[in-house]
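Please look over the sequence and the model below, and then read the report that follows with the structure open beside it.

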Amino acid sequence: MKYCRVYILLLFLGVTMNLSAQYFSLSMSSDLGKNQLAEGVFYRPSAMTSYGHGNYFASTGFQWTFSQADRQVFSAWQTSFGMLYMPKEYPFYFSLFSLINPYSDLSREVNVGFILSHQREHLLFRIGNASRIYALKKSAISSRGITPEASRRIVEYRNFTYQLLAYLNNKDKSWNLGAGISNIDNFRVQQETNPMLLLSAYTRIITGLSINLDFWYQGAGMLNLSADYFGYYGRIGIIWIPGLNK
Amino acid sequence: MDTRIKQIAIGIIAVLLLNGCAYDLDLKGFLGTSEAVNHRFQSSMEWTVLNQEYEITVDSTAYTFLVGGDSHVGTIINIEKMLQIAVAQGALAVSVAGDVTTGREEGLIRTDSLFRKYPEVAKFIIPGNHDLYFNAWERYFELFGPSVYTLRVISEEEADLFVFLDTGSGTVGLEQFTWLESLLEEESESYRNIIIITHLNFFRNRMTGSTNPLNEEVMTLLDLFAEHSIQLVIQGHDHKRYITEFGETTYLTLDALKDGVKNASYLELRINEENISTVFHEF
């Protein structure tokens with residue numbers, strides 16, 4: 001609930017900042033999927049806002065998870081800041097990000113890192129690094145009988161992040177269909193050795209309003225040459241860029 | 001541009017072919033294993049119903065237990081040394097935390113013969129990814145039994161629980177996870193120590209191509225083990241020792257037992273009334 005209030009405040013700030021910003025966008029999406037951690041399907045709605053001013057941009061977003069797994073409903077908070085560099089006709093984006101996943105009453109996961117993105121006519125590349133922290137929540141130490149001396153965190157400093165998407169159409173077309181491989185999603189950073197397979201489509205309904213559809217397949221153990229099914233999820237989302245429909 | 005694409009394609013094909021020539025790799029495993037983890041779990045549970053759960057009764061609450069990982073038989077120099085040391089020391093049992101063999105028939109047969117040579121020590125093994133190569137699961141199961149099981153070590157005063165988990169194909173899977181969750185929920189209060197042994201290591205403490213369970217699964221297992229104050233989780237797979245703690249739980253990744261590996265070692269678990277201590281012994 002606390003995080004919902006923070007989000008509404010950020011959204012309000014976003015709309016008011018839009019008066020001076022050169023660019024503002026709001027995206028909302030819903031994931032529906034299954035995995036090996038709980039019976040039944042999970043549902044993960046999320047919302048993100050982005051602002052751009054000159055060559056600089058910032059974004060924040062939240063995700064909630066409803067599933068039979070013993071998890072907190074508020075499941076992720078992402079923020080990023082970055083800049084655009086356009087040496088010729090194709091852009092490079094550099095961004096720093098943080099991703100907090102308040103997993104359960106007991107533990108949380110935090111990722112911080114950077115991503116360099118580059119877009120061509122038919123290709124999108126993203127590479128970067130994420131450092132991951134698994135942490136026990138302070139409240140768990142007293143309430144769960146865990147001794148204060150117990151170790152509270154594990155840090156993985158280096159995790160190569162990547163995304164490669166190949167699109168059917170030129171990026172300026174009003175619709176597109178792509179396929180690729182990635183270990184990062186808006187609210188998820190997998191280990192570098194756990195690639196996810198991605199099918200992605202979008203269409204512009206009117207100027208400034210697009211719908212996107214994604215399908216993600218998560219395999220386990222592929223690089224161990226002993227692969228199994230882990231899970232999948234589908235996503236439907238809208239992206240609204242208010243300034244563009246005027 | 002076309003030439004460059006051709007060169008890259010030829011390079012990729014050459015690497016794949018060279019890997020394919022590597023005798024112990026099974027490239028089709030990239031797409032899937034012959035028997036999924038849920039199937040292996042079901043077979044293991046059926047086996048346990050027919051054959052009883054493992055239980056060892058001890059006179060003293062103190063005992064030693066030797067654990068190695070990744071013997072990749074093949075050759076048997078180090079794994080046999082570990083068995084000989086176990087016999088000489090009077091260790092309660094020996095365990096290999098996955099990748100016992102390369103999945104080749106001759107490796108499976110050689111391991112079975114080796115184990116039969118030392119009947120005086122109990123052996124508890126689990127499959128790793130290599131044990132599942134070349135559709136080896138059915139043969140592994142026939143020779144060595146289940147991939148998921150428990151061992152109860154019972155003395156007059158205390159009892160310890162060892163839980164052997166199958167992560168050979170990258171995930172514990174829904175059925176095994178549900179079983180583990182209810183096992184810990186129902187029984188964790190009844191034991192002095194609970195020790196988990198599995199193949200895949202959870203953490204990326206160094207740059208390595210070895211693959212861990214997916215991030216959500218690591219988080220879920222960390223949470224479960226912290227919740228039930230599991231004392232020790234022993235893992236293999238990465239061939240390089242690493243010890244870390246999260247809450248009350250110690251996570252320990254083993255060196256490999258594999259012959260010819262520079263850092264080959266096994267772990268001696270010393271369990272007594274006070275605590276569990278761990279000592280690595282290099283070959």
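In this predicted model, A:Tyr217 stands opposite A:Tyr232, a residue of strand S15 of chain A. The pair belongs to a ladder of twelve bridges that joins strand S14 (residues 209-220) of chain A to S15(A), with the two strands running antiparallel. S15(A), which spans residues 228-240, is also joined by ten bridges to strand S1 (residues 23-35) of chain A, again in the antiparallel sense. In that second pairing, A:Asn35 is found opposite A:Gly231 of S15(A).

Other strands of chain A can be followed in the same way. Strand S2 (residues 42-53) and strand S3 (residues 56-64) of chain A run antiparallel and are joined by eight bridges, and A:Gly52 stands opposite A:Phe57 of S3(A). These two strands form a hairpin with two residues between them, and in the turn A:Gly54 has a positive phi of about 60 degrees. S3(A) is in turn joined by nine bridges to strand S4 (residues 74-85) of chain A, the two running antiparallel, and here A:Phe62 has A:Trp77 in S4(A) as its bridge partner.

The table gathers the antiparallel pairings of chain A described so far.

| Strand | Partner strand | Bridges |
|---|---|---|
| S1(A), residues 23-35 | S15(A), residues 228-240 | ten bridges |
| S14(A), residues 209-220 | S15(A) | twelve bridges |
| S2(A), residues 42-53 | S3(A), residues 56-64 | eight bridges |
| S3(A) | S4(A), residues 74-85 | nine bridges |

Taken as a whole, the secondary structure of chain A comes to two helices and 15 strands. Of its 246 residues, 35% are buried. Among the contacts in chain A with a separation of 6 or more, 47% are between residues 24 or more positions apart.

How many residues does each chain bring to the contact between chain A and chain B? Chain A gives 35 residues and chain B gives 43 residues. On the side of chain A that touches chain B, strands S6 (107-119), S7 (123-136), S8 (153-156), S14 and S15 of chain A each supply at least two residues. S15(A) gives the most to this side, with three residues. Sorted by class, the side of chain A that touches chain B has 16 nonpolar, 15 polar and four charged residues.

Chain B contains an open sheet of five strands, in the order S4-S3-S2-S11-S12, and the pairing in this sheet is mixed. Strands S4 (122-126) and S12 (276-282) of chain B stand at the edges and have a single partner strand each, so one side of each is left without a neighbour in the sheet. From one strand to the next, the twist averages 20 degrees. Within this sheet, strand S2 (residues 63-68) and strand S11 (residues 265-271) of chain B pair in the antiparallel sense over five bridges, and the bridge partner of B:Tyr63 in S11(B) is B:Ile271. Helix H3 (residues 77-89) of chain B packs on the sheet, where it touches S2, S3 (93-97) and S11 of chain B, and its direction makes about 180 degrees with that of S2(B).

Two further helices of chain B, H4 (residues 105-117) and H5 (residues 137-144), have axes that come within 11 Å and cross at roughly 10 degrees. H4(B) and H5(B) are therefore roughly parallel to each other. B:Glu105, B:Leu108 and B:Asp112 of H4(B) make the contact with B:Arg139, B:Tyr140 and B:Leu143 of H5(B). By class, the residues of this contact of H4(B) with H5(B) divide into three nonpolar, no polar and three charged.

Finally, some backbone angles in chain B deserve a careful look. Most residues other than glycine have a negative phi, and most peptide bonds are trans. B:Val73 and B:Gly74, however, are joined by a cis peptide bond with an omega of about -10 degrees, and B:Gly74 has its place in the loop between S2 and H3 of chain B. B:Gln52, which is not a glycine, has a positive phi near 80 degrees and lies in the loop between helix H2 (37-51) and strand S1 (54-57) of chain B. Is B:Gln52 buried or exposed? With 8 other C-beta atoms within 10 Å, B:Gln52 is exposed. B:Asn135 likewise has a positive phi, of about 55 degrees, although it is not a glycine, and its place is in the loop between S4 and H5 of chain B. B:Asn135 has 14 C-beta neighbours inside 10 Å and therefore counts as partly exposed.

Key: Residues are numbered from 1 along each chain as its sequence is written. Chains are lettered from A and ligands numbered from 1 in the order in which they are written. This is a predicted model: local features need pLDDT of at least 70, side-chain atom pairs count only at pLDDT 80 or more; totals for chains, interfaces and linings use all residues. Two strands pair if DSSP finds at least two bridges between them. Helices (H or I, at least four residues) and strands (E, at least two) are DSSP runs, numbered from the N terminus. Two residues are in contact if their C-beta atoms, placed from the backbone, lie within 7 Å. Ala, Val, Leu, Ile, Met, Phe, Trp, Tyr, Cys and Pro count as nonpolar, Asp, Glu, Lys and Arg as charged, and the others, Gly among them, as polar. A residue is buried if 20 or more other C-beta atoms lie within 10 Å of its own, exposed if 12 or fewer, and partly exposed in between; C-beta atoms are placed from the backbone. Axes are lines fitted to C-alpha atoms, for helices over the stretch in contact, and angles run from 0 to 180 degrees between N-to-C directions. Angles under 35 degrees count as roughly parallel, over 145 as roughly antiparallel, 65 to 115 as roughly perpendicular and the rest as oblique.
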